[in-house]
Amino acid sequence: MAGNQMVSPYKGSGQITREKFLFYEMRTAARLMEEGLSDSDVEERIVEDNLFQYPTEKSIRQMAKTCIRRLHGLQDESLIAAVAAMPQDAAKQICLYAMMKQYRLVWDFMITVIGEKYRMQNFSFSQMDVNVFFMQLQEQDDYVAGWSESTMKKIRQILIRVLAENEYLDDIRADHINPVWLNPVLENAIRSNNDDRALAAFNCFS
């Protein structure tokens with residue numbers, strides 16, 4: 001009855017159990033886009049040449065579509081070019097922002113958990129931080145409350161791996177987060193997109 005007005009902002013976030021961070025795949029798709037190929041041509045090139053080295057055409061096509069959608073979600077051509085060509089650490093940071101833009105869950109986690117730690121200068125980190133975040137989400141949102149424990153576990157693991165891949169954590173067992181430095185190209189784009197809330201996730205408060 002009230003379903004139309006009660007669509008969860010986290011609908012679709014569970015897909016990260018399958019879609020993950022995808023840095024190599026995002027870089028590959030961005031480079032093809034920079035060659036001037038259309039989205040459909042990018043997808044076909046990735047599938048035909050098996051550029052992702054996945055076992056099935058279906059999985060390659062799914063992830064190609066995901067990467068294209070995520071790159072367009074940046075709403076900034078300069079960021080797509082940066083994913084294609086910038087050094088790995090800067091390109092990964094942009095891919096993290098793209099992941100935040102695509103999944104509300106990643107957005108909220110990076111801002112309310114990681115950003116808040118930077119704001120408070122509290123660099124401790126543990127599984128408990130992630131668990132508390134999910135407990136609060138489950139209390140606030142019926143859609144998230146309906147996720148199975150195995151789904152929640154996978155998402156928790158992916159969030160921690162994303163932190164490690166972007167050097168927030170030294171590894172997935174680290175007990176503290178490292179200060180990160182926000183690349184100016186990404187900072188300018190975040191400000192241009194009026195996404196200033198996202199700056200905290202990258203330890204930027206000026």
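Reader: What makes the radius of gyration of the protein chain agree with that of a compact globule?

Author: In this predicted model, the protein chain has a radius of gyration of 17 Å, and a compact globule with 206 residues would have one near 17 Å, so the two values agree. Taken along the principal axes, the box that the C-alpha atoms fill is roughly 45 × 45 × 35 Å. Buried residues, meaning those under 20% relative accessible area, make up 49% of the 206 residues.

Reader: How many helices and strands does the secondary structure of the protein chain come to?

Author: The count is 11 helices and zero strands, and the order from the N terminus on is accordingly written α-α-α-α-α-α-α-α-α-α-α.

Reader: Why is glutamate 167 counted as exposed?

Author: A residue is called exposed when its relative accessible area is over 50%, and glutamate 167 has 55%, so it counts as exposed. Glutamate 167 is placed in the loop between α10 (149–165) and α11 (184–192), and together with Asp89, Asp170 and Asp171 it forms a negative surface patch.

Reader: Why is methionine 135 called partly exposed?

Author: Partly exposed is the range between under 20% and over 50%, and the 46% relative accessibility of methionine 135 falls in that range, so the label follows. Methionine 135 belongs to helix α8 (residues 127–140), and with Met128 and Val132 it forms a nonpolar patch on the surface, whose accessible area is about 270 Å² together.

Reader: What is said about the phi of glutamine 53?

Author: Most residues other than glycine have a negative phi. Glutamine 53, however, has a positive phi of about 55 degrees although it is not a glycine. The residue lies in the loop between α3 (39–48) and α4 (57–73).

Reader: How do you know whether glutamine 53 is buried or exposed?

Author: The relative accessible area of glutamine 53 is 61%, and because the cut-off for exposed is over 50%, glutamine 53 is exposed.

Reader: What is the phi of asparagine 203, and why is this residue called partly exposed?

Author: Asparagine 203, which lies in the segment after α11, has a phi near 60 degrees, a positive value in a residue other than glycine. Its relative accessible area is 24%, which is neither under 20% nor over 50%, and asparagine 203 is therefore partly exposed.

Notes
Residues numbered from 1 in each chain as written. Predicted model: local features only at pLDDT ≥ 70, side-chain atom pairs only at ≥ 80, totals over all residues. Heavy atoms only, no water. Patch = residues over 30% accessible without salt bridge, like charges linked within 9 Å, V, L, I, M, F, W, Y side chains within 5 Å. Areas by Shrake-Rupley, 256 points an atom, 1.4 Å probe, with all protein chains shown as cover. Salt bridge = Lys/Arg side-chain N within 4 Å of Asp/Glu carboxyl O. Lys, Arg positive; Asp, Glu negative; His and termini not counted. Charge placed at Lys NZ, Arg CZ, Asp CG, Glu CD. Helix = DSSP H or I, 4+ residues; strand = E, 2+ residues; numbered from the N terminus. Buried < 20%, exposed > 50% of the residue type's maximum accessible area, 1.4 Å probe, protein only. Rg over C-alpha atoms; globule rule 2.2 N^0.38 Å.
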